[in-house]
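Grab a pencil and work through the exercises below. Each one sets a task and then walks through a solution step by step.

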Amino acid sequence: MTNNTTMPRIKVDAVGKIFDSGTQAVQAIKHIDLDVHENEFVSIVGTSGCGKSTLLNMIGGLDEPTSGDILIDGVSVDGPGRNRGFVFQSYSLFEWMTVQGNIRFALEKSNFSKAEKDELVAHFVQAVGLSGFENSYPKQLSGGMRQRVAIARALVYKPSILLMDEPFGALDAQTRGMMQELLLKVWEDHKVTVLFVTHDVDEAIFLADRVVVLCSSPGLVKRTIDIELERPRNFDIVTTAQFGEYKRDIMADIREETLKVMAMEKHDER
Amino acid sequence: MQPKTTKAQIRKKPKSGLFRLREDIPSGLYSALGFIIPAVLIFLWWLVTYLGLVKPLFLPSPVAVLAEGWRQVTEGILFADASVSFYRITIGWLAATVVAVPIGILMGNFRIIEGSLGPLISTMRYMPVVALIPLSILWAGIGDAQKILILFLGTFFQQALMIMDNVKNIDMNLIRAGQTLGFSNSEILRRVILPAASPGIWDTFRITIGWTWTYLVVAELVAASDGLGRRIMDAQRYLATDTILFGTLFIGVLGLLTDYAFNKSGLRFFRWNSDKR
């Protein structure tokens with residue numbers, strides 16, 4: 001899948017991030033190097049406070065690194081751009097617009113003709129399984145359906161990268177499973193590079209070509225694991241021995257990190 | 001179709017009671033209580049005056065108050081008073097709103113503006129408006145402009161701060177979504193922040209126009225010849241307590257109606273809003 005001779009789609013180059021409020025400086029990310037290739041699906045996992053959302057925000061251009069650089073197709077990131085779509089944990093839909101309206105809003109800055117836009121909206125409504133709900137308002141939809149609107153909205157304008165920040169974190173377990181399968185299908189049908197932040201290890205493995213485990217405070221890459229599970233995947237895969245091995249490895253890493261944080265907190269108390 | 005009720009289901013039914021924390025009560029009862037409580041109070045009021053426990057000068061009977069109201073209706077005073085007061089309230093509130101909305105929105109979005117105006121407005125809102133009456137006369141004369149200025153001062157500062165909060169309360173990720181979709185700051189302001197904050201702002205309108213009503217008497221305290229507030233102040237001179245009570249209650253009713261109108265229209269305008277109040 002990955003082709004290392006070409007330029008990576010996303011290059012995170014020695015990035016560090018310090019949040020400085022003037023009275024207090026907190027190091028969120030110490031040093032992260034990461035290459036994500038075209039159409040690759042990469043999950044980032046780690047304990048809370050490991051800087052995984054911060055990293056995603058910086059790639060999305062919603063935040064700036066303090067040191068290092070982030071390159072998209074070789075160009076340094078300078079603010080948000082339409083080559084990247086973003087899906088947040090809070091559904092962040094425009095509640096005063098219908099399902100269709102939300103998706104169409106994303107196309108406003110595109111150069112498609114009206115007919116093309118109609119077609120794209122219709123296509124993505126269907127792709128995320130919301131046919132029949134085009135004219136519903138977000139208020140009338142369940143959490144899973146809202147997040148499907150958000151996914152359609154983030155993909156409809158054809159960005160080459162989809163950034164997802166714990167998108168299914170607020171959903172119940174059953175809905176989450178369905179959404180993961182739906183996401184994989186959408187990803188396979190519309191090739192796009194995905195960077196997916198989660199704290200759910202099963203989710204990270206199930207979806208990704210590669211799982212990046214971050215160290216907690218401050219952010220560093222602890223380990224990268226290639227997930228060599230066959231595609232297309234369905235949910236049966238989580239019960240396989242291979243899946244279990246990946247999970248055991250990653251859980252061990254995360255557990256180690258969590259213990260480290262707890263020890264540090266204890267030290268601080270003293 | 002109703003499923004058959006078994007014994008087990010009956011036992012599982014939650015305990016009914018009117019004093020469960022935050023639990024709903026029958027809606028008929030809820031609405032009825034809103035009438036029953038005032039009715040009981042009016043009855044007690046009537047009883048106290050009927051039995052002669054209080055002199056009419058201190059507390060006129062409900063009948064006397066109603067009779068006073070009827071007198072004002074038939075003499076055409078009530079309608080004239082109400083329309084002039086309603087006009088002042090509308091203009092005073094609108095003037096405050098027209099300034100408070102942009103200032104509140106800017107304060108809610110730009111820290112630099114919040115930092116510049118926040119402390120000033122927060123101080124000004126504690127300012128006793130009554131104390132400013134002499135100055136307001138010097139500045140605005142003794143006509144309607146002075147009344148409107150008082151209503152403006154009583155409304156504006158609170159309103160600006162509340163609108164700032166309405167704007168700040170919207171989900172930051174809505175703004176970020178707008179940014180990732182390639183919209184400019186001003187587009188996000190108009191097309192994301194403003195609609196997202198509008199149900200909250202409308203609610204602020206509802207609350208602040210109530211405050212404008214409460215400032216009516218203060219506004220008509222000096223140099224007014226008409227208005228609901230003026231009528232009350234005049235009555236004070238002749239110890240016409242029935243006029244005072246009628247006027248006060250009438251203002252209350254008008255305030256309630258305004259509140260109701262804002263509430264209902266808000267529910268209509270913002271049907272898409274998922275926040276339940």
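**Exercise 1.** Find the residue of S9(A) that is the bridge partner of Val45(A), then work out which strands pair with S9(A) and in which sense.

*Solution.* Step one: the partner of Val45(A) in S9(A) is Val213(A). Step two: that bridge belongs to the pairing with strand S3 (residues 41-45) of chain A, where four bridges join S3(A) to S9(A) and the strands run parallel. Two strands count as paired if DSSP finds at least two bridges between them, and the strands themselves are DSSP runs (E, at least two residues), just as helices are DSSP runs (H or I, at least four), numbered from the N terminus. Step three: S9(A) also pairs with S10(A), this time antiparallel and over six bridges. Look for Val212(A), which sits opposite Thr224(A) in S10(A).

A word on what you're looking at: this is a predicted model, in which local features need pLDDT of at least 70, side-chain atom pairs count only at pLDDT 80 or more, and totals for chains, interfaces and linings use all residues. Residues are numbered from 1 along each chain as its sequence is written, while chains are lettered from A and ligands numbered from 1 in the order in which they are written.

**Exercise 2.** Decide whether the faces of S9(A) are covered or open.

*Solution.* Start with the cut-offs: a residue is buried if 20 or more other C-beta atoms lie within 10 Å of its own, exposed if 12 or fewer, and partly exposed in between, with C-beta atoms placed from the backbone. Next, recall that side chains in a regular strand alternate between the two faces of the sheet. Now take the faces in turn: Arg210(A), Val212(A) and Leu214(A) are buried on one side, and Val211(A), Val213(A) and Cys215(A) are buried on the other. That's six of six residues for strand S9 (residues 210-215) of chain A, so the strand is largely enclosed by the rest of the structure.

**Exercise 3.** Do the same for S7(A), covering its burial and its neighbours in the sheet.

*Solution.* Burial comes first. Ile161(A), Leu163(A) and Asp165(A) are buried on one face, with Leu162(A) and Met164(A) buried on the other. Five of the five residues of strand S7 (residues 161-165) of chain A are buried, so this strand too is largely enclosed by the rest of the structure.

Now the neighbours. Strand S6 (residues 84-87) of chain A runs parallel to S7(A) and is joined to it by four bridges; within that pairing, Gly85(A) has Leu162(A) as its bridge partner. Strand S8 (residues 193-197) of chain A is also parallel to S7(A), with five bridges, and here Leu162(A) stands opposite Val194(A). To get from S7(A) to S8(A), the chain passes through helix H5 (residues 173-189) of chain A, making a right-handed β-α-β crossover (with the strands pointing away from the viewer, the path from the first strand over the helix to the second runs clockwise).

**Exercise 4.** Which residues have the most contacts inside the largest nonpolar core?

*Solution.* Define the core first: it's a set of buried Ala, Val, Leu, Ile, Met, Phe, Trp, Tyr and Cys residues joined through C-beta atoms within 7 Å. The largest one has 121 residues, and Val156(A) and Leu195(A) have the most contacts inside it. Its largest share, 13 residues, comes from helix H7 (residues 144-168) of chain B. Then zoom in on Val156(A): beyond its neighbours within four places in sequence, its contacts (C-beta atoms, placed from the backbone, within 7 Å) include Ile103(A), Leu107(A) and Phe124(A).

**Exercise 5.** Describe the side of chain A that touches chain B.

*Solution.* Count first: 18 residues of chain A and 14 residues of chain B take part in the contact. On the chain A side, S6(A) gives the largest share, three residues. Sorted by type, that side has nine nonpolar, four polar and five charged residues. For the sorting, Ala, Val, Leu, Ile, Met, Phe, Trp, Tyr, Cys and Pro count as nonpolar, Asp, Glu, Lys and Arg as charged, and the others, Gly among them, as polar.

**Exercise 6.** Track down the backbone oddities at Pro232(A) and Ala14(A).

*Solution.* The peptide bond from Arg231(A) to Pro232(A) is cis, with omega near -5°. You'll find Pro232(A) in the loop between strand S10 (219-226) and helix H7 (241-269) of chain A. Ala14(A) isn't a glycine, yet its phi is positive, about 50°. Ala14(A) belongs to strand S1 (residues 10-20) of chain A and, with 11 C-beta neighbours inside 10 Å, counts as exposed.

Conventions. Contact = placed C-beta atoms within 7 Å.
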